[in-house]
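New to this one? Here is a quick briefing to read alongside the sequence and the 3D view.

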Amino acid sequence: MGTAGDSEKKPTVVFVLGGPGSGKGTQCANIVEHFGYTHLSAGDLLRAEIKSGSENGTMIQNMIKEGKIVPSEVTIKLLQKAMQDSGNDKFLIDGFPRNEENRAAFEAVTKIEPAFVLFFDCPEEEMERRILSRNQGREDDNIETIRKRFKVFLESSLPVVEYYESKGKVQKVDAAKPIDEVFEVVKAIFTPKDEKVKQHCCAIL
C-alpha cells in the first residue's frame, strides 16, 4: 500500500507575496520562463471559475457581490485542481495566502508546506508612484484606493510573512530596485546551490 504514496512526490510550492505595484507579476513571468515553474494566481483562478458559469463560480460571484470573503477551502480547491491539471511539480502561488487563516487552511488541506516565501518588499511611496504612472486614467487607482489596498495588504499578509520568517522560510527581495536588478536577486534565490558553487569555483580559477 505504502508504495503509491511514496511515488507521489509532493510538489514544490513557493508563495509569492508583495503589495500592489511591487512588480511581482513581472518577476513571476521571469521565473516561469527561466526556471520552469507554473504560475498560479488565486485571483485569476477565482475569476476564471466565475466566468465558467459553474455552480461553484456562481457561489463565488454571489459572495464577492455581498462583500463576503471567499472561504479558504474554495480557493485552495481551485489551486489544487490547477496544480493537478498542469502536469508540473513546481508552482509559484501568487497573492495567496492573503491571511493567516488562508495559510493554515492551505497546509491542512494540501499537506504541503511551501519551500519558501518570496516576499517583494517595496515602500508604499514607490508602489504609489508605479501604480499611478502605470495606470493613467484607471479609475480604481486613485491615491486613496491605492493606500487602502496597501493597508489591507499590510494588515492581512504581513502576519503570514512573519510566521514563515520565524521558520526561516522567507526570501525578502528589495522590490524598489529596477526590474532587471530585482530579477538578478530572484535568479540567485532560485538557482540550485550546487550550480552556484560551480560558478563560484570557476570564478576563483
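Does K111 count as buried or exposed? K111 has 54% relative accessibility, and the cut-off for exposed is over 50%, so K111 counts as exposed. Before going further, keep in mind that this is a predicted model. The protein has 205 residues, with ten helices and five strands.

**The overall picture**

- Of the 205 residues, 39% count as buried.
- The protein exposes about 12,000 Å², and 54% of that comes from carbon and sulfur atoms.
- Take the contacts between residues at least 6 apart in sequence: 76% of them join residues at least 24 apart.

**The nonpolar cores**

- The largest nonpolar core has 28 residues, and the ones touching the most other members are V13, F15, L79, M83, I93, F96 and F106.
- At least two residues of this core come from each of β1, α3, α5 (72-86), β3 (90-94), α6 (100-110), β4 (116-121) and α8.
- Helix α5 makes the largest contribution to this core, with six residues.
- Another core lies apart from this one; it has 20 residues, among them C28, M127, F150 and V186.
- Back in the largest core, I93 is worth a click: leaving aside neighbours within four places in sequence, I93 is in contact with V13, V14, F15, V16, L40, L79, M83 and F106.

**Two residues on helix α5**

- A82 sits in helix α5, and at 16% relative accessibility it falls under the 20% cut-off, so A82 counts as buried.
- Not counting residues up to four places away in sequence, A82 touches L40 and L45.
- A82 and L45 are 37 residues apart along the chain, yet their C-alpha atoms are separated by 8.3 Å.
- Q80 is in helix α5 too, but Q80 counts as partly exposed, because its relative accessibility is 25%.
- Not counting residues up to four places away in sequence, Q80 touches V109 and T110.
- From Q80 to F106 is 26 residues in sequence and 9.6 Å in space, C-alpha to C-alpha.

**The largest pocket**

- The volume of the largest pocket is about 1,200 Å³.
- There are 33 residues lining the largest pocket, and the closest to its centre are A42, G43, R47, G95 and R98.
- Which elements give two or more residues to this lining? They are β1 (12-18), α2 (24-35), α3 (42-52) and α8 (143-166).
- By residue type, the lining divides into 15 polar, ten nonpolar and eight charged.
- Elements β1, α3 and α8 turn up in this lining, and they also supply residues to the largest nonpolar core.

**Backbone details in the loops**

- F96 and P97 are joined by a cis peptide bond, with omega at about 0°.
- You can find P97 in the loop between β3 and α6.
- F96 also appears among the residues that touch the most other members of the largest nonpolar core.
- K111, where we started, is in the loop between α6 and β4.
- K111 has a phi near 60°, which is a positive value in a residue other than glycine.

Conventions. Residues numbered from 1 in each chain as written. Predicted model: local features only at pLDDT ≥ 70, side-chain atom pairs only at ≥ 80, totals over all residues. Heavy atoms only, no water. 1 Å grid on protein atoms, 1.4 Å probe; cavity = no way out; pocket = protein on both sides within 12 Å on 5 of 7 lines; lining within 4 Å. Points joined across faces, edges and corners; volume = space filled by probe spheres on them. Helix = DSSP H or I, 4+ residues; strand = E, 2+ residues; numbered from the N terminus. Nonpolar A, V, L, I, M, F, W, Y, C, P; charged D, E, K, R; others polar. Buried < 20%, exposed > 50% of the residue type's maximum accessible area, 1.4 Å probe, protein only. Contact = heavy atoms within 4.5 Å. Areas by Shrake-Rupley, 256 points an atom, 1.4 Å probe, with all protein chains shown as cover. Core = buried A, V, L, I, M, F, W, Y, C linked by side-chain atoms within 4.5 Å.
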